[in-house]
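Look through the model below. Then try the questions that come after it.

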Amino acid sequence: MSELESAGGHPLAEQPPPKRRRVHNDGNAESVPRHGSLDAPLRGQSLSIRRAPKGLKETATPGSDDTRNRYRSSTPSSPRRSRSRSQIPTTRPRQPPRSPMYSASQSPRSPRSRRSPTRSRSSSESRSSTSGSRSRSRTHSRSSSSSSSARRSPRSPDPESQLPPPPPSARQPLTPHYQKRVALRGHTAAISQVRISPDGRWIASASADGTAKIWDAQTGENIDTLVGHMAGLSCVAWAPDSNCLATGSDDKAIRLWDRVTADPAHACGDGGRAYGAGEDGKRGRAAKVDYRRKKAETRGGMTGSRPLLGHHNYVYCLAFSPKGNILASGSYDEAVFLWDVRAGRLMRSLPAHSDPVSGIDFCRDGTLVVSCSTDGLIRIWDTSTGQCLRTLVHEDNPAVTNVCFSPNGRFVLAFSLDSSIRLWDYVSGAVKKTYQGHKNEGFSIGGCFGLLTEADGRSLAFVASASEDGDIVLWDVITKQIVQRLEKAHKGICFWVDVHGGALVSAGQDGTIEIFSHAGALPEGGEPMNGVVREVNGVNGHDAVREGSITPNAAAMADDELQRQIEEDAGSPMLLQVKEEQL
Amino acid sequence: MNLLLSDDYLLQDYPENITNTIRSGHSTCVRFNRKGDYLASGRVDGTVVIWDLETMGVARKLRGHSKNVTSLSWSRCGRYLLSACQGWKVILWDLQDGTRYREVRFHAPIYGAELHPWHHHQFAASLYEEQPMLVDITDAGDIKYVLPSVQKRPNTEMDTATREKQAKEDARHMTTAIIYTATGDHLLAGTTKGRLNIIDARTREIIYSEKIATSVVTTLRITESGKELLVNAQDRIIRTFHVPNLSVEDLDPDTIQMPLEHKFQDVVNRLSWNHVAFSASGEYVAASTYNNHELYIWERGHGSLVRMLEGPKEEQGVIEWHPHKALLAACGLETGRINIWSVTSPQRWSALAPDFAEVEENVEYIEKEDEFDIHPQEEIQKRRLDQEDEDVDVLTVTNGGGLGDDVNSFRVPILFNLGESDSEEEFVNVSLGTVRRKSPGDEDGGEATGEEKAPGKKGAVATRGRGKRR
């Protein structure tokens, strides 16, 4: 979905979305046309992420609105399937206005019958135009709760007034103080995702203009543009070695790219032979150099190499395993695919959800995959067996649009369309924290965990998220307080935020990428720390101690030399932690 | 990390049926790395293939040998791999870049070479018709020490004729298998005459020797803890021994005892055993059978046979037990495929719907007192948020994930397009005595990268393929 499509008269745009939904077991899944399972009006809306924003591309607007309307009219009548009991309310009325459905949620809350009312309510809520007032009332309750908690800092920022960065006087041991550093322009349409490479040196962005770009995280220089997809991009993921990245697009393909040469990593298949032949059999590094030489010819042309094909609909989210050997992808076809990265082979397909899969992540040891969907479910999968190990649903069942594991892999952070971010303990299946104060009602916005560590040992773990009003919001993980709000970082919607230590990068509807950096220990104009403050925030100090135990497991490694080498390679343990977050 | 959620620990701890078959050329030996995420296989053509067990795909191919690879040994960190071949050569590979880190030549084909468990610059090798060697490759030039196969005779008064006869005898006494103890301070060696020697790695002298079998010792295996020894000999008996603690301060060689624990044999079928392996904890002993298709698994505690694994209709050669899972890999002798047996856990359906529980029998539902109470939405919300006052720690890594989550350890780099990089050929028996070359595209395409098969399906596919060919 991109301006390519709507502007260029691309067949995708002209094709009316069929009302039929892909049913898993009917065996003719392939016959579903391109818009096959694009049923959810909700997603229709969030899809517009990847439509050119109105301000930027006039031609795109009517087309997108058009389609959206069509989705609306088609949905309520579309037949649904029920795969398991948990999905009984197969017809989910996302259409009706909120108020009547809202009252439905007040109905008896039997565990058995609860599902359908809440479900319909939540989905309608996320579509409603009036939900702003609702979210406000929620913030009310939140602020009162925060004051009741003894542990919180005495100066609880009033979320209601949504004041700019809370720390005028440095009252916390460590406060993020990110400042705008560079703005990267180059994409001609909205940017759906931006991610910093695990080594922190590069930034990759995926845009609705059908390209991905690689930027230097320091200088902001545009290193390369990855051209090859036939439609807008929804997602990008870095391999853990920072030398390879994957992009997913509305053309249903996933492409792997070599960061250095900006060439497709799988240079086999037809395209591979086209420029792999005649290189007198050189392989590996030598061959790559050769590609470099030929890059000018291959770039831009569609000769590209073999992408990962298999999804029946838009590819919406991607994640590499920590080893880089598996790529997980989630798609509008409601499935999660696990790919063998080396061979470019589909390893496993998980019939994951009953709505588009909107977010996916690997845990730090690669044994678990978490996926989420606008059906409101968050599912945890065993990578090796492909079995579902746990399903997390919030009572209100809001559509979940993005999900990621905590740095230690013990929790799952889920972004949902009721303007809340929830931290789940997936073992007990309980919500541990709810972060509110940003706006997220119709789009798949994203964020991640961040970790700031100062030389003096203080550290802060925070959650960073984009917001639909263009802000970027940072919360303290433990106190749930907003520790910084970067206001109006983007015109229109801010879609994605990624953090790597002191660097924060965001992308938005306006097609720009902003790089922020943390301005040291003392915020400007802030008072120096005083003893009183430290005492108040003893909680965090305590945490810092605990974090000290992250140090790499220095189990008796025989190969000292290797150990040293690796450590040199990987940097400090703190950096490693942050690397984890980007996955 | 998945251990927190799965109840796989309820599953049995020995493999049940074939879950995968992978093939790259004709594999003759396999070995898991210590972490258990990679499997190295040595092929007839001398290529060493590294398999990623998570993807069941080829991670790297190492070319350097020209003859059948006979043994493989991983370094503790998983970065170095020692491979020995019949072509008188041992190569230590660096998996970081796939280069030959060191290469050592001998004057005879090599039965097996094993790396020191802690230092990858030292290994022991048993040679065909030669005395075993201890090789130190710390410095640029490799230093080879010849190890004895026979204990020094006490200096008794004997006539020269007897002494000569003994010397001649001793010269024909060879070591066929040699391994390190867990600490690496001692070597355990099995000889052609069924003797078990303990050699001090520092003085390189036999400190203990005992005849444990009536025939050639073919395989020695030791558990991770180093407390149990598994011996396969050609006398059709598999034996397990308790290994004494050899690294005590004042070790008196005269007091060493190696008590025999169990003898495993099939007295009915009089089977010989091709290869043996300990399970992860040493709780089970597995063996592949000579001229037979089954794998036998015994429980070591009671010494009872617990399972005969049926696989493809093929004799299995080298077998390996995964370092911590109930997973067995075996090389088919005829086809050179690597067959993997493991357990499959059933899907728990309650995991798919959190408000469902799996119950043994019907339970009458008793509603809670306040179940149908109506509360204002705000209040519910407020109460919920108020409850979230628990401390969460999103950073500290708890060791819930078992073994494989050390971030700093060595990682095998990801390479692309390995499958296409050489022609994969396989020879299949078409009929008795006739062999037919089979290229990978022939049957289930791209097999070289491994495929998954349902347990029973495997045989069917193979027969179909064969039938077609005729």
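Here are short questions and answers on this predicted model.

Q: Is Y435(A) buried or exposed?
A: A residue counts as buried if 20 or more other C-beta atoms lie within 10 Å of its own. Y435(A) has 26 other C-beta atoms within 10 Å, so Y435(A) is buried.

Q: In which strand does Y435(A) lie?
A: Look at residues 430-436 of chain A. They form a strand that holds Y435(A). That strand is β20.

Q: With which residues is Y435(A) in contact, leaving aside its neighbours within four places in sequence?
A: A contact needs C-beta atoms within 7 Å. With those sequence neighbours set aside, the partners of Y435(A) are S420(A), I421(A), V463(A), W475(A) and K480(A).

Q: How far apart in space are Y435(A) and P240(A), C-alpha to C-alpha?
A: In sequence, Y435(A) and P240(A) are 195 residues apart. In space, the C-alpha to C-alpha distance is 28 Å.

Q: What span should helix α1 of chain B have?
A: The helix covers residues 160-172, which makes 13 residues. The expected span is 1.5 Å times one less than the number of residues. The end C-alpha atoms of α1 are 18 Å apart, which agrees with the expected 18 Å.

Q: How many residues of α1(B) are buried?
A: The helix α1(B) has 13 residues and is hardly covered. Its count of buried residues is zero.

Q: What percentage of residues 28-61 of chain B is strand?
A: An unreviewed UniProt entry annotates this span as "repeat: WD". Its end C-alpha atoms lie 15 Å apart. Helix makes up 0% of the span, and strand makes up 62%.

Notes. Residues numbered from 1 in each chain as written. Chains lettered and ligands numbered in written order. Predicted model: local features only at pLDDT ≥ 70, side-chain atom pairs only at ≥ 80, totals over all residues. Helix = DSSP H or I, 4+ residues; strand = E, 2+ residues; numbered from the N terminus. Buried ≥ 20, exposed ≤ 12 C-beta atoms within 10 Å, placed from the backbone. Contact = placed C-beta atoms within 7 Å. UniProt positions renumbered as here; feature names shortened; annotations may be inferred.
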